[in-house]
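Below is a short note for a colleague who has not looked at this structure before. Please read it with the model open.

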Amino acid sequence: SLLLHIPNFFAVPLLIDADSPSYLQGAVHWAEHRDLDGVPFFRGPGTTFLFIPAFLFFGNDPWGVKLILHLMAIGSVFVSYRLGWQLFQRRSFAFFAGLTTLLIPETFFYSNFVMSD
């Protein structure tokens, strides 16, 4: 998983869409003022708490956000493996579930894109 995500991490820039700033707004406000007054009411605090560590440790540098998104993508491989094991109690099926999750192209795309989907 790391062998595939490391080149992608360094090669692809962080993608920002029209609604991406609203996902980051609460974390940026938290890093500057240490309160939740800047959280958009239509987004809620979920993405704020997700991205706060990125802004605390990396500031406004996009590497922190990319790191969190890639760690979530890598973590989804382990979650898929565990779900495959719990559902079928077969190591081969659990491995196939994790491998499929690892090789899905959307995993690499979404780990470089700030959005909710």
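The numbered points below concern one helix, its surroundings and two loop residues.

1. The model is predicted, not experimental, and the points below should be read with that in mind.

2. Helix H2 covers residues 20–33. Its 14 residues should span 20 Å at 1.5 Å a residue, and the C-alpha atoms at its ends are 21 Å apart, so the expected and computed spans agree. The helix is nevertheless bent, by about 30° at Gly26.

3. Which residues of H2 are buried? They are Ser20, Ser22, Tyr23, Leu24, Gly26, Ala27 and His29. Gly26, the site of the bend, is thus on the buried list. As a general point, an α-helix has 3.6 residues a turn, so residues three or four places apart point the same way.

4. What covers these buried residues of H2? The cover includes two helices, H3 and H4, and two strands, E1 (15–16) and E2 (113–114).

5. Ser20 belongs to H2 and has a relative accessible area of 0%; it counts as buried because this value is under the 20% cut-off. A polar atom of the Ser20 side chain lies 2.8 Å from the backbone nitrogen of Asp17. Setting aside residues up to four places away in sequence, Ser20 touches Phe113 and Val114. Those two positions are the ones given for strand E2 (113–114).

6. The largest nonpolar core has 12 residues: Leu14, Tyr23, Leu24, Ala27, Phe51, Ile52, Ala54, Phe55, Val65, Ile68, Leu69 and Val114. At least two residues of this core come from each of H2, H3 and H4. H3 gives the largest share, with 4 residues. Val114, a member of this core, is also one of the residues touched by Ser20.

7. Phe51 is a useful residue to display when viewing the core. Apart from neighbours within four places in sequence, Phe51 is in contact with Tyr23, Leu24 and Ala27, and also with Val65, Ile68 and Leu69. These contacts are listed among the core residues as well.

8. Two backbone angles deserve a look. Just after H2, Arg34 takes a positive phi of about 60°, and Arg34 is a residue other than glycine. Arg34 sits in the loop that runs between H2 and helix H3 (46–58). Gln89, likewise not a glycine, has a positive phi of about 55°. The loop holding Gln89 lies between helix H4 (62–88) and helix H5 (91–103).

Definitions and conventions. Residues numbered from 1 in each chain as written. Predicted model: local features only at pLDDT ≥ 70, side-chain atom pairs only at ≥ 80, totals over all residues. Heavy atoms only, no water. Expected span 1.5 Å × (residues − 1). Bend = angle between axes of the 7 residues up to and from the residue. Buried < 20%, exposed > 50% of the residue type's maximum accessible area, 1.4 Å probe, protein only. Contact = heavy atoms within 4.5 Å. Core = buried A, V, L, I, M, F, W, Y, C linked by side-chain atoms within 4.5 Å. Polar contact = N/O pair within 3.5 Å; in protein donor to acceptor, adjacent residues only side chain to side chain.
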